[in-house]
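Here is a quick tour of the chain shown below, written for someone who likes the cut-offs spelled out. We go from the overall layout to the sheet, then the helices, then a few single residues.

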Amino acid sequence: MITLDLPIRAVPQPRHRATLGGRMYLPSAAPVRAFKAAVQTAARAKIRRPFAGPVAVAIHVLFARPPSHLTARGLVRRGAPGWPGQNLGDIDNVAKAALDALIGIAFADDAQVVRLSGSKAWGMADRTVIEVEPMEVQT
């Protein structure tokens, strides 16, 4: 198993935009580009060549609580959300961004991903952990 532990905030893959002529594109200033670049850099440092067969991928995302969720003593305020909500992105869109970043590094094609799990939670700091594990081919 390969584990990528990045001290960065995960960014969900946004929807592509369309020009008046119907051409689809992702704006060059989209924050997901920096997230994908960080995932690729970490993956290249740990993975020599892409896995050839099926893989399992687990993505665990921690978001630092904003100061408004905490009391002056650092405790979680009553009424603060118990889980990271919509404004931090859907876990499936975070997974899409991470998987796209790993194409050609961890696997040749994201169609090789046969098991995918994801979670998002509050943490002390922003953190993204991606685990990629080769699966045995069942015959």
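A contact here means heavy atoms within 4.5 Å. By that rule, residues 24 or more positions apart account for 80% of the contacts in the chain with a separation of 6 or more. Before going on, the fine print: this is a predicted model, where local features need pLDDT of at least 70, side-chain atom pairs count only at pLDDT 80 or more, and totals for chains, interfaces and linings use all residues. Residues are numbered from 1 along each chain as its sequence is written, and side-chain values use heavy atoms, with hydrogens and water left out.

**Overall layout**

The chain has two helices and six strands, where helices (H or I, at least four residues) and strands (E, at least two) are DSSP runs numbered from the N terminus. Read from the N terminus, the order is β-β-β-α-β-α-β-β. The C-alpha trace spans about 55 × 45 × 30 Å along its principal axes. Of the 139 residues, 32% count as buried; buried means under 20% relative accessible area, exposed means over 50%, and partly exposed is in between, with a 1.4 Å probe and protein chains only.

**The sheet**

How are the strands of the open sheet ordered? The four strands run β1-β6-β4-β5, with mixed pairing. Two strands pair if DSSP finds at least two bridges between them. In general, strands of a sheet pair through backbone hydrogen bonds, either parallel or antiparallel. At the edges sit β1 (2-6) and β5 (113-123), each of which pairs on one side only. From one strand to the next, the twist averages 10 degrees.

The pairings look like this:

| Strands | Sense | Bridges |
|---|---|---|
| β1 and β6 | antiparallel | five bridges |
| β4 and β6 | antiparallel | eight bridges |
| β4 and β5 | parallel | ten bridges |

A few partners help to pin down the register. I2 has V132 as its bridge partner in β6, A56 stands opposite E133 in β6, and F63 has W122 as its bridge partner in β5. Strand β4 covers residues 55-64 and β6 covers residues 127-134. As for burial, β4 is mostly covered, with seven of its ten residues buried. The edge strand β1 has two faces: I2, L4 and L6 are on the covered one, while T3 and D5 are on the uncovered one.

**The helices**

Helix α1 lies across β1 and β6, running at about 135 degrees to β1. For these angles, axes are lines fitted to C-alpha atoms (for helices, over the stretch in contact), and the values run from 0 to 180 degrees between N-to-C directions.

Two packed helices are described by the angle between their axes and the distance between the axes. Here α1 (residues 32-46) and α2 (residues 91-102) have axes that come within 9 Å and cross at roughly 50 degrees. That makes α1 oblique to α2, given that angles under 35 degrees count as roughly parallel, over 145 as roughly antiparallel, 65 to 115 as roughly perpendicular and the rest as oblique. The crossing is right-handed, meaning that the near helix is turned clockwise from the far one by less than a right angle (anticlockwise would be left-handed).

Which residues meet? From α1 there are V32, F35, K36, V39, Q40 and A43, and they meet V94, A97, A98, D100, A101 and L102 in α2. The residues of this contact divide into nine nonpolar, one polar and two charged. In this scheme Ala, Val, Leu, Ile, Met, Phe, Trp, Tyr, Cys and Pro count as nonpolar, Asp, Glu, Lys and Arg as charged, and the others, Gly among them, as polar.

**Three residues to click on**

Start with V132 in strand β6. Is V132 buried or exposed? At 1% relative accessibility, V132 counts as buried. Beyond its neighbours within four places in sequence, V132 is in contact with M1, I2, F51, V55, A56, V57, L102 and A106.

Next is H69, in the loop between β4 and α2. H69 is buried, at a relative accessible area of 10%. Leaving aside neighbours within four places, H69 is in contact with L75, V76, R77, A80, P81 and W122.

L75 is also found in the loop between β4 and α2. At 48% relative accessibility, L75 counts as partly exposed. With the same neighbours left aside, L75 is in contact with H69 and L70.
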